[in-house]
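Here is a short set of questions and answers for a first look. Keep the view open as you read.

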Amino acid sequence: MRAPLPTPRGSLTEALTEALLEQGVLRCVDADSDDDAALALWMLYELHHRGLEGVDDALEWDPALLVLRARLEHDLEERWRDRARHLALPAQERLADGEDFAEVFFDLCAADTGGESLARFVQREAETEQVLALLRQRSIYHVREQDSAMWALPRLDDETKAHLVAIAADEYGNGHPDRLHAELWRRGMAACDLDTGYAAYLDEALPQVLEQNNLMSMLGLHRRLVPAALGHLAAFEVCSSVPSKRMVRGLERLGMPEPVVEYYREHMVADAVHEQVAVRRMLGGWVAREPDVADDMLWGAAVCLAAEQETATAVLTAVRDEESMAGSREAVA
Ligand SMILES: [Fe+2]
Ligand SMILES: [Fe+2]
């Protein structure tokens, strides 16, 4: 199943949509806003995932589109080298002082990023409508859970590869398609009467959500960024088990359908194991063999934490603003 072609959000996404549908020349225009730029990059990355409805698959390697992707990626990487520096730097310094990698990594993931947590909000105070709005935002990622990190696989040495595959085996259902995490997610969405289609809520996705997903695609697609991609993945695992437990409590408090609770219950258990494999074996093993990769791993983890904080702030602002929620519901209807 392909992603729907989203509604353009400015001059750049208008020009891109035109070029994708008509296979014409891509007009040279700048993005009108961060939103426009984030959606354009999301669309370009989607050509490497499942593809976009009505768009020729051959355009995945179209030189003009790759040039645009490179330009947007350059801006994205610069921005996040900067935004995540305050989190990554202290950890990198501790490592340079000879401290244990795993200890430094777990401490980094426990760092206070200065904002609210979505899981805590759901646990304590969210109403059902607000949880549904949050699930719609999260669905952009969960329907292709772990996919971006898998681009890293053929670029890894054998030992690191083995540990990544051990984690991925769980994410992809261990040979049972009905246990795939993306499938558990779809069952949860269906039980909540939400659209289970791939990227079904793309038009509703906040720019911060698109950016968070773009970061994962960027890290996965570039061989030079593979240590950061795995650092990001490991941080994602470390920061999942406890919030998943909070989600379970919140969803139970609201009496939400069992399949959606089950999705988070699965992550509460699985990610408590994944975080150990990811940090101690996958990353720690690689660092022991090649210490130079550690700094980028820590930066990748810092990107994960900072991007989640920006997303959480944006999603919380949106779901607390009833008018904005009503507006986004109309946009989806
Ligand atoms: Fe998962
Ligand atoms: Fe996991």
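Domain bounds here come from an automatic or database domain assignment. This is a predicted model, in which local features need pLDDT of at least 70, side-chain atom pairs count only at pLDDT 80 or more, and totals for chains, interfaces and linings use all residues. Residues are numbered from 1 along each chain as its sequence is written, chains are lettered from A and ligands numbered from 1 in the order in which they are written, and side-chain values use heavy atoms, with hydrogens and water left out.

Q: How far apart do the C-alpha centres of domain 1 and domain 2 lie?
A: The assignment gives domain 1 as 11-80 and domain 2 as 84-332. Between their C-alpha centres the distance is 24 Å.

Q: Which residues of domain 1 lose the most area to domain 2?
A: Contact means heavy atoms within 4.5 Å. By that test, 16 residues of domain 1 touch 27 residues of domain 2. Buried area is the accessible area (1.4 Å probe) that two parts lose on being put together, summed over both; here it is about 2100 Å², with 62% from carbon and sulfur atoms. Together giving 41% of what the domain 1 side buries, the residues are Trp42, His49 and Trp80.

Q: Which helix gives the most to the largest nonpolar core?
A: A nonpolar core is a set of buried Ala, Val, Leu, Ile, Met, Phe, Trp, Tyr and Cys residues joined through side-chain atoms within 4.5 Å. Buried means under 20% relative accessible area, exposed over 50%, partly exposed in between (1.4 Å probe, protein chains only). The largest core has 111 residues, and Trp42 and Leu135 are among those touching the most other members. Helices are DSSP runs (H or I, at least four residues), numbered from the N terminus, and the top contributor, with 17 residues, is helix α15 (residues 294-320).

Q: Which residue coordinates both the iron ion (ligand 1) and the iron ion (ligand 2)?
A: Donors are N, O and S atoms within 2.8 Å of the metal (3.2 Å for Na, K and Ca); water is not among the atoms, so sites may look incomplete. Ligand 1 is coordinated by Glu145 (OE), Glu171 (OE), His181 (ND1) and His267 (NE2), at 1.9 to 2.2 Å. The two iron ions are 4.2 Å apart, and the shared residue is Glu171.

Q: Why does the pair His181 and His267 tie together parts apart in sequence?
A: His181 is buried at 0% relative accessible area, and His267 is buried at 5%. His181 lies in helix α10 (residues 181-191) and His267 in helix α14 (residues 258-289), so the pair joins parts whose separation in sequence is 86 residues.

Methods
Helices (H or I, at least four residues) and strands (E, at least two) are DSSP runs, numbered from the N terminus.
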